[in-house]
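Me: I am new to this structure and would be grateful for a close look at a single part of it. Please choose one stretch, describe its surroundings step by step, and connect it to the rest of the chain.

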Amino acid sequence: MAKMMDCCEHPGVHNGPLSGRRGGSAAASASIGPSAGRPAAAAAGVESDSRGGLVRNRISASAEIVAVAGTGGVTRLPVLASRVPLVLRRTPDAVYLVGGAAGPIGGDELALRISVGAGAFLRVRTAAASIALPGPDGLESVLRITVDVGAGARLEYLPEPVVVSAGARHATIIRVTLAEGASLLLRDELLLGRHGETGGAARSVLNVDYAGRPLLRQSLEVSGADAATMGPAVLAGHRAVGTALWVDPAADAAVTTDAAVTTDAAVTTDAAVTTDAAVTTDAAAVAVMPLAGPGILVTALADDAVALRRCLSATPSTRTPTCQLRHRPQ
C-alpha cells in the first residue's frame, strides 16, 4: 500500500495547459518560494496603526482545484487557482500544494476547495510538511478543506504532516462530500512539536458524507503542553498521531472485528493487529475500524513522523500495518 500512496502513477491524469482559470490570482513566480517573511501582496489581513506600524499580520487566502474527466479517460484541470501562501503546482502524477510563505501563523485563515467531477481522478500532495507557528496575539490558524467527489471519481489527498510548534494553535477542518460510487484515500498526520520541542495545540475535524448520508464524524483536540493529552487516555506519550481513510465501494471492505478497534480515547492496549514484524504495544497504537458504509478508518499513534507513516501505509483489509517501533521512555 505504501507504493500506492507514495509513488504510483495514474495513466488517466493529464496536467497539460489549463483550458480556463478562475478564482484567486495565481501566485507570481517572484513570490512563491518559501520565505521567513510574509509577502505583502498576499497579506490581505494586514492592518497598520496611524504611524504605519504593523498591528496584525494575518493572511486570508484560498486556492481551488477542479478536475474533470476528458476524452480517452484523461483527467483535465480546467481550474487551478492559487493565492499565496497556497500555491498549486502540477506534476505528471499529482497536484502539489507548495508553501509560498512561512506558516501558517496564528490568525491565518486558509481555504482549499477540491472538486473532482464524475469519472475523473485526482491526487493532491504537499511538497513538504507544514509548520504551524504562533502568532503575536495567540490566535488559532485555520485551514479549511472542502471536497466534492462525483460518481465514479477518485480523490487521493495525501499531504505531508502538520507540525505544530510550541505556543502555536492550529486547526485543520476537512469536509468531504462523496457521490454514490465515488472513492477516496485521505491521509491526515499531526506532529506535536519540532525535534526536542514541546508541541502546541491542534484541532482536527473530519466530516465525510457518502451518497447523501453521514459516513464519518471525527474530531481530535490535543496539546503537547497538556498532561491529559500526553497521558494514557489520549496520546500515551506519543507526539505523532494520524488517520488514513479509505472509501472504495468497489473493494471488499470487510474487516473482522478482532482487528484492534479503538475506544473513544483512540488508544489500543492489545494492538491485536499482527505483522511479521512484531508491534510493541507500549510503542504504538494502531486501530482498524470499518465504517457503516464503504469505508475503513485506520488510526495510529507513533513516536515520530516516519514511524507514523509506516503505520498508515498498509492496505487496511490485510490488517497488517507495518509498524516496528521503539519504546520511548516516559
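Reply: A polar contact is a pair of N or O atoms within 3.5 Å; within protein, one of the two must be able to donate a hydrogen and the other to accept it. One such contact leads to the chosen part, and the model in which it is found is a predicted one. The side chain of Thr 75 reaches the backbone nitrogen of Phe 121 at a distance of 3.1 Å. Thr 75 belongs to strand β4, which spans residues 75-81, and with a relative accessibility of 3% this residue counts as buried. Phe 121, at the other end of the contact, falls within strand β8, residues 121-126. Strand β8 in turn pairs with β11 in the parallel sense, over five bridges. Strand β11 is the part examined here.

Strand β11 covers residues 154-158 and is mostly covered itself, since five of its five residues are buried. Which residues lie on each of its two faces? Arg 154, Glu 156 and Leu 158 are on one side, while Leu 155 and Tyr 157 are on the other. Both faces are covered, and the charged residues named here, Arg 154 and Glu 156, are buried along with the rest.

The strand has partners on which its position can be traced. Strands of a sheet pair through backbone hydrogen bonds, and the pairing may be parallel or antiparallel. With β8, the bridge partner of Leu 122 is Leu 155 of β11. Strand β14, residues 183-192, also runs parallel to β11, and four bridges join them. In this pairing Tyr 157 has Leu 186 of β14 as its bridge partner.

The side chains add a further layer to this picture. The largest nonpolar core holds 40 residues, and Leu 155 of β11 is among those with the most contacts inside it, together with Ile 65, Ile 114, Val 116, Leu 122, Leu 178 and Leu 245. Leu 122 and Leu 155, named above as bridge partners, therefore both appear in that list. Ile 114 shows how β11 meets this core: leaving aside its neighbours within four places in sequence, Ile 114 is in contact with residues including Leu 155 and Tyr 157. Its other contacts of this kind are Ile 65, Leu 122, Val 124, Thr 146, Val 147 and Asp 148. A second, separate core of 17 residues includes Val 288, Ile 296, Ala 302 and Leu 312.

The path from β11 to more distant parts of the chain runs through its partner β14. Glu 189 of β14 forms a salt bridge with Arg 309, the closest N and O atoms being 2.8 Å apart. This pair links distant parts of the chain, as Arg 309 lies in helix α3 and is 120 residues away from Glu 189. Are these two residues buried or exposed? Arg 309 and Glu 189 are both buried. They are also members of a network of salt bridges that links Glu 160, Arg 187, Glu 189 and Arg 309.

Helix α3 itself spans residues 305-312, and its buried residues are Ala 307, Leu 308, Arg 309, Cys 311 and Leu 312. At its start, a side-chain oxygen of Asp 304 reaches to within 3.2 Å of the backbone nitrogen of Val 306. Cys 311 of this helix and Val 286 are 7.2 Å apart in space, C-alpha to C-alpha, although 25 residues separate them in sequence. Val 286 is found in strand β18, residues 285-290, and counts as buried at 5% relative accessibility.

To close, one may return to β4, where the account began. Seven strands form an open sheet of mixed pairing in the order β4-β3-β7-β10-β13-β15-β16. Strands β4 and β16 stand at its edges, each with a single partner, so one side of each is left without a neighbour in the sheet. On average, neighbouring strands of this sheet are turned by 10° against each other, direction ignored. Near the β16 edge, β15 and β16 pair in the antiparallel sense over 10 bridges, and Arg 203 stands opposite Glu 221 in β16. Arg 203 also forms a salt bridge with Glu 140, with 2.9 Å between the closest N and O atoms. Glu 140 lies in the loop between β9 and β10 and Arg 203 in β15, so this pair ties together parts that are 63 residues apart in sequence.

Key:
Residues are numbered from 1 along each chain as its sequence is written. This is a predicted model: local features need pLDDT of at least 70, side-chain atom pairs count only at pLDDT 80 or more; totals for chains, interfaces and linings use all residues. Side-chain values use heavy atoms; hydrogens and water are left out. Buried means under 20% relative accessible area, exposed over 50%, partly exposed in between (1.4 Å probe, protein chains only). Two strands pair if DSSP finds at least two bridges between them. Axes are lines fitted to C-alpha atoms, for helices over the stretch in contact, and angles run from 0 to 180 degrees between N-to-C directions. A nonpolar core is a set of buried Ala, Val, Leu, Ile, Met, Phe, Trp, Tyr and Cys residues joined through side-chain atoms within 4.5 Å. Contact means heavy atoms within 4.5 Å. A salt bridge is a side-chain nitrogen of Lys or Arg within 4 Å of a carboxyl oxygen of Asp or Glu.
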